[in-house]
Amino acid sequence: MSWLAQHIAALGDAIRHVVSSAGSFILNVLVVAIALALPFAGLTVLENVRPVSEQLAVEPEISIFMSMDTPRERSTALAAQIRNVVLASQSAGRLEFIPREKALVLLKDKTGLSDTITALGENPLPDAYVLKLSGVQNAGDAARVEMLASKLKALPGVEYVQIDSAWVKRLAALMHVLRLALLFLAITLGVVVVAVVFNTIRLQVMTQREEIAVSRMFGATNSFICRPFYYSGGLLGLLAGAVALCTVALALNPLNNAITEFARLYASEFRLVPLDPATQLGLLALSAGLGLIGALLCVRRHLAKLP
């Protein structure tokens with residue numbers, strides 16, 4: 001109970017000091033909040049994009065388009081030759097034949113251009129096959145897929161062959177780069193937060209140096225003297241984190257207005273949503289921790305210099 005009472009008293013002292021110097025404290029909170037808002041916003045965007053990227057097919061897909069003048073019987077008979085080529089290249093996968101009629105229906109449903117396509121008068125799409133490969137994990141396998149595509153293009157009646165999932169790999173690589181960039185930004189701005197809190201607590205220590213000297217004369221321990229400063233740093237980080245999260249949440253509304261118009265062009269309902277409560281609590285704890293680290297580094301350094 002004595003330990004708890006000491007911490008409650010230290011928290012009360014920290015709050016009283018914050019109230020007495022509310023102007024400078026609010027400015028420091030805003031500075032730290034600006035530094036925290038950038039990585040918080042980046043994390044929000046990545047967490048919204050991650051489910052979309054995870055739903056994308058990661059299996060390489062090879063689309064095999066037949067010539068427009070190829071009869072249906074010849075197109076369907078090509079399935080056996082495609083499977084032989086796949087087996088000869090030591091690959092495995094699923095082969096699906098897509099008639100031109102089905103492809104036209106899918107195109108109308110996904111693009112919303114039904115009236116435009118109908119105005120063409122005839123189906124502009126050829127028969128096609130979709131080959132979904134499995135077990136492609138490294139650069140050597142990717143080269144084997146490229147070689148397989150060139151062999152499929154040489155088959156009779158084949159007009160064009162396209163590897164459809166190459167862009168998925170590029171997207172995954174881009175997401176990895178963005179995560180690393182966000183991590184670097186978070187570390188850099190985390191150092192900025194610690195530096196701001198360090199300077200804030202340093203000024204507070206210098207202002208209360210006489211009070212600290214009197215407390216030592218009456219037998220106050222270093223732990224007793226340091227606690228209010230620790231709580232001040234933690235409160236600064238916590239409030240700055242809350243302001244940063246609120247700023248990011250408020251910024252989502254105008255962003256969604258622009259994103260909705262863009263996503264509608266691709267028949268999508270994608271919207272940015274705030275981080276889940278557990279993640280927000282974790283970010284608040286991290287913000288308070290950065291404030292506490294800044295206060296800890298400052299107090300230990302400057303308290304040792306005081307008489």
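What share of the contacts in the protein with a separation of 6 or more comes from residues 24 or more positions apart? The share is 83%, where contact means heavy atoms within 4.5 Å. The legends below start with the whole chain and then move to single sites.

This is a predicted model, in which local features need pLDDT of at least 70, side-chain atom pairs count only at pLDDT 80 or more, and totals for chains, interfaces and linings use all residues. Residues are numbered from 1 along each chain as its sequence is written, and side-chain values use heavy atoms, with hydrogens and water left out.

**Figure 1. The whole chain, with its ten helices and four strands.** Helices (H or I, at least four residues) and strands (E, at least two) are DSSP runs, numbered from the N terminus. Following the sequence, you will meet them in the pattern α-α-β-α-β-α-α-β-α-β-α-α-α-α. The protein has 307 residues, and 36% of them are buried. Here buried means under 20% relative accessible area, exposed means over 50%, and partly exposed lies in between (1.4 Å probe, protein chains only). About 18300 Å² of the protein is exposed, and carbon and sulfur atoms supply 66% of that area. Accessible areas come from the Shrake-Rupley method with a 1.4 Å probe; for residues, only the protein chains shown count as cover.

**Figure 2. The largest nonpolar core, a set of 32 residues.** A nonpolar core is a set of buried Ala, Val, Leu, Ile, Met, Phe, Trp, Tyr and Cys residues joined through side-chain atoms within 4.5 Å. Leu36, Phe40, Val193 and Ile201 have the most contacts inside this core. Two or more residues each come from α2 (22–55), α7 (166–207), α9 (222–264) and α10 (277–303). Take Val193 as a starting point: leaving aside its neighbours within four places in sequence, Val193 is in contact with Val32, Ala35, Leu36 and Leu290. A second, separate core has 19 residues, including Ile62, Leu78, Val85 and Ile163. In soluble globular proteins, nonpolar side chains tend to be buried together.

**Figure 3. Ala240, a residue of helix α9.** Ala240 counts as buried because its relative accessible area is 0%. Not counting residues up to four places away in sequence, Ala240 touches Val29, Val32, Ala33 and Leu36. Now look at Ser287, which is 47 residues from Ala240 along the chain: the C-alpha atoms of the two are separated by 7.3 Å.

**Figure 4. A nonpolar patch on the surface, formed by Ile26, Leu27, Leu30 and Val243.** Patches are made of residues with over 30% relative accessible area and no salt bridge; like charges are joined within 9 Å and nonpolar side chains (Val, Leu, Ile, Met, Phe, Trp, Tyr) within 5 Å. Together, the four residues have about 340 Å² of accessible area. Helix α2 gives the most to the patch, with three residues. One residue to pick out is Leu30, which lies in α2. Leu30 counts as partly exposed because its relative accessibility is 42%.

**Figure 5. Arg72 and its two acidic partners, Glu101 and Asp127.** A salt bridge is a side-chain nitrogen of Lys or Arg within 4 Å of a carboxyl oxygen of Asp or Glu. In the bridge between Arg72 and Glu101, the closest N and O atoms are 3.0 Å apart. This pair links distant parts of the chain, with Glu101 in helix α4 (residues 100–111) and Arg72 in helix α3 (residues 72–88), 29 residues apart. Arg72 also forms a salt bridge with Asp127, where the closest N and O atoms are 3.0 Å apart. Asp127 sits in the loop between α5 (114–119) and β3 (128–134), 55 residues from Arg72. Which of these side chains are buried, and which are partly exposed? Asp127 is buried because its relative accessibility is 6%, whereas Glu101 is partly exposed at 45% and Arg72 is partly exposed at 30%.

**Figure 6. Glu96 and Lys102, joined by a salt bridge.** Their side chains meet at 3.4 Å, N to O. Glu96 is partly exposed, with a relative accessible area of 35%, and Lys102 is partly exposed at 38%. Salt bridges that share partners join Arg72, Glu101 and Asp127 into one network. The whole structure holds three salt bridges.

**Figure 7. Two cysteines, Cys246 and Cys298.** Cys246 counts as partly exposed because its relative accessibility is 49%, while Cys298 counts as buried at 0%. The structure holds zero disulfides, a disulfide being a pair of cysteine sulfur atoms within 2.5 Å.
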